[in-house]
Amino acid sequence: MDEKQISQLTRTTEMNYMEKKKKNLVKKILKWSGLGVLLLLIIAILIPILFKDKLKDMVLEEANKSLTAKVDIGDFDLTFIQTFPNLTIQLFDTKIAGTGDFEGTDLINAKNIRAEVKLWDVISGDKIAIRGIYLDGADINVKVLKDGKANYDITIPDTTTVEEPEDDSNFKMSLQKYVLSNTNIEYDDREGDMYASIKNLNHEGKGDLTADIIDFETFTSMDELTYEMEGLSYLSKVKTEADVGLKMEFTEKTSKFILKENVFKLNNLQFGLNGFYEMLEGYDQMDLSLDASKATFKDFLSLIPTFYQSGYESMITKGNLAMNGKVAGRMDEKSMPGWDFKLNVDNASIKYPDVPGTINNIVLKAGSTFKGGENMDLMTLDVTKFHADFVGNVLDATLKMRNPMTDPLIQSDIVAKVDLGSLGKVMPMAEGESYSGKLDADVHLNGRLSAIETEKYEEFEALGTLKLMDMLYKSPDLPEPVNISTMLFAFSPKNLSLKEMNAKMGVSDFQISGTIDNYLGYAFRDELLKGQFDFTSANLDLNQLMGSSTETTTTTESSETSTPAEESSEPLLIPGNVDFLLNTKIGKMKYDGMDITDVRGMVRVKDEVASMNDVNMNMLGGNIGLNGSYSSVNPDKPAIDLGYNLKNISIPELVKNFTSIETMAPIAKYAKGNISSNFAMKGALKPSLEPIFSSLTGNGDLFTNAIEISGFKPLEKISEALKMTKLKTQTLNDVKAFFTFVDGKVNLKPFDVKMGKILTNIHGYTSFDQDINYDLLMNIPKEEIPASMIQLAENAMSKVNNVVPKLNVGSLPAVIPVKVNLLGKVSDPKITTDMKEALLKASGNLKDNLVNTGKDLLNKGVDSVKNIAKDKVNDVKEDLNAKRQAILADAQKQADKVKAEAKKLADATRAEGAKQGDALIAEAGSNPIKKKGAEIAANKLKKEAEEKAQRIEKEAEAKADKIMSEAREKSDKLN
């Protein structure tokens, strides 16, 4: 083989070797890659399994350590497939339930809560850093009561404590992103008189919330935003969007928020905000301005429900809109920043394509200014011009107000001349909706409020009238048209006088007249509004007015059928800042199937309480008098304090129309006749106005000349037990009984009644859960005793005397007292009687003599033993007392020592907890989020230390008590 061939063979061999080596490398890569994928797959499967229960326990432990509310988690899951290398914790059907005053209201009820955490934190057991929080499908209900108590205040107070100081929180916040989706929020602040509702909120925030300088981006959308304050609606179901950029700068003493690019949108009105808001030590500084340069007049109208909810898209507008606003300056406990807001509309018009007319010459010039500082009396409010005209109708108004905080100067003129029938020519009406009639208003106000307050009415100009004539309003939303033939309001400095109002709706008529005092003080200072009215009606059909059938009744077999009322979550609210007196006189009234006549009385509305005085009416075959009150001070549990006077009321009609009667007195369902009753009752109601039976307390009486009872299970059971069929159906005459109700029970005081020839005394109770416990003492004439009961008594006698006797009925007394007890549910009570024993006792066959002799012998033996023992006890008493004192004194020294050592250890534990907490705050630096987290952790440490200290002291107290208890037992054994 020559050199050339050898060279070629060598190259071929090298190439084959390299190819083989390459294939082996590929195989190794594939092998190890496959193993790596398999390992990752195994980890993905195992981690959720290995750490799921651990993390769920940590979440619940953290909630229970931090919160006083009840936390429920439906399900729990872990995954990191979508968020690798981070791990996602998922909580399903999570609920934070209210307690105490907020029981029944969930603070949060969320379908899904996700938290994104670092995988290695879970594996290593370190604090778990939360990098993202996602809330989906949540209902959030925030409530603040009048006394300031809030249902979101559920963190354990600083004075309480949890666990040991070394057990820090399992989690720490390292947020980079948070998301709320498909969330509904309701905020009801009774203390601040504010209400807000958000439907279908979607909100997202991004940014490193652990940094000192944060570029933060948020996007928000809401299907509906409603906001009300102090009885005024500012936003009503407004569709809202906000895309906001913020630069947040944090130092040790300041927090500054600088607005970057942003867009806000309320329905169709789009605007932006420029400037900053800075929180400094003791005060805030701001400089914010409104940019609505792109907004049009039509955009502005989208905030007015009347225009936005009826043909807004097709509405054609013209005119100019200018909206400007600026807030700048210092805000602290005494000072407010200055502001300057202006709204100008001119040369504007509104035209709907489907109606012939146009609303023309719309002008609105309004504004408010304040230069800033402590003197809010320098604030101004002006509507220098409002005008609109349409098809011969005119609307004009002006308002000027100065010195609003001290002595408001009010200047206002209102002129309105409107043919209501022409409204359909300029605005689209719903199908079946129409107006007719005339409105004529011309009102002039000029003067200072102090003139009215000091009754110097000549110094205040208040003139004019508001007239409504021949108004007829039809709507598919109303059961009947509303017809107001005349209504006249007259303005004067002293009051607003309703001279007359005559109205009809369906078959109902009503007339109202009266006066309203201090209407200006109420409007501008939220002072007490006073009024007095007379209401009369010849015929009032409330069934028709409320849109229900005149044949509807509340008859039910079970309270469960009253679901429409129970589902209502809105209670009847009584205004708080009014004092109204209503004198009522109604000839005929129909309500819920009941015919009521001659209704008279007085109702006063004041301080969220409606009080009824001497209200009388004829109904249910008799007469009902009513005094008392209904209070909505706590709207979640309205309170009643009522006194009733019922005269000759039909029992079947009472049961038919008032389902609560059957709950309080089940026998009423099986009774026929009339009753009279006086009773007083206090308690709480559900928002649906159904009584909370367990809260009711009261007392009263009832009287009936005659009442027939049949089909009542307890009577039937008594009849079976006594073998007396006559008892199943009873006619009771001249019944007089007294009752009380408390703790969910109606307690019947002892009273006598004749059941046929049997004089019976009855007492006991019926609970609102339909449990009964009654004792009856039945004085049964011997001729009423059935033969079957005589036979049972004879059988019992044979067992006592070992003979078969014959009971001599003739030797029995004229009346046999028999005890009967009814116990259990009204529908199936258990009956016990002593009929057999009563017969035996009455016949003298119970060996009474033998029993009495045995008692005499026993008493003599006891007296003899007592005399001997008394002599011996006196001999040793002194020595025993000395020994007892020594034992107790020694035990007291031991107990005091245990408590002193425990106090020393507890104080050291508190000091160590405080030291560790202060160290955490010092390490947090200037970032307010880190600092807030450190403060929370420090508070937890202090709480934990305090609880451990209290536990030490408590255990020592228990040990000391045990020492003394054992000493007392030892001392007592010396007896």
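This is a short tutorial dialogue on reading strand pairing and salt bridges in a predicted model.

Trainee: What should I know before reading this model?

Mentor: It is a predicted model, where local features need pLDDT of at least 70 and side-chain atom pairs count only at pLDDT 80 or more, while totals for chains, interfaces and linings use all residues. Residues are numbered from 1 along each chain as its sequence is written, and side-chain values use heavy atoms, with hydrogens and water left out.

Trainee: Which strand pairs with β14, and in what sense?

Mentor: First the general idea: strands are DSSP runs (E, at least two residues), numbered from the N terminus. Two of them pair if DSSP finds at least two bridges between them. Here β14 (residues 358-370) pairs with β15 (residues 380-390) in the antiparallel sense, over eight bridges. To find the register, look at Gly367, which stands opposite Asp382 of β15.

Trainee: How many bridges join β15 to β16?

Mentor: Eight bridges join them, and β16 (residues 393-402) runs antiparallel to β15. A good place to look is His387, whose bridge partner in β16 is Asp396. The hairpin of β15 and β16 has two residues between the strands, and Val391 takes a positive phi near 35 degrees there.

Trainee: Where do the side chains point along a strand?

Mentor: In a regular strand they alternate between the two faces of the sheet.

Trainee: Now the charges. How many salt bridges does the structure hold?

Mentor: A salt bridge is a side-chain nitrogen of Lys or Arg within 4 Å of a carboxyl oxygen of Asp or Glu. The structure holds 29 salt bridges. One of them joins Asp215 and Lys260, with the closest N and O atoms 3.4 Å apart. Asp215 lies in β7 (residues 213-229) and Lys260 in β9 (residues 255-266), so this pair ties together parts that are 45 residues apart in sequence.

Trainee: Are Asp215 and Lys260 buried or exposed?

Mentor: Buried means under 20% relative accessible area, exposed over 50%, and partly exposed in between (1.4 Å probe, protein chains only). Asp215 is partly exposed at 49%, and Lys260 is partly exposed at 33%.

Trainee: What is the N to O distance between Asp440 and Lys417?

Mentor: Their side chains meet in a salt bridge at 3.2 Å. Asp440 sits in β18 (residues 434-448) and Lys417 in β17 (residues 409-419), 23 residues apart.

Trainee: Which residue does Asp579 form a salt bridge with?

Mentor: Asp579 forms one with Lys606, the closest N and O atoms being 4.0 Å apart. Asp579 counts as buried at 10% relative accessibility, whereas Lys606 is partly exposed at 33%. Elsewhere, salt bridges that share partners join Lys903, Asp907, Arg910, Glu946 and Glu953 into one network.

Technical notes: Helix = DSSP H or I, 4+ residues; strand = E, 2+ residues; numbered from the N terminus.
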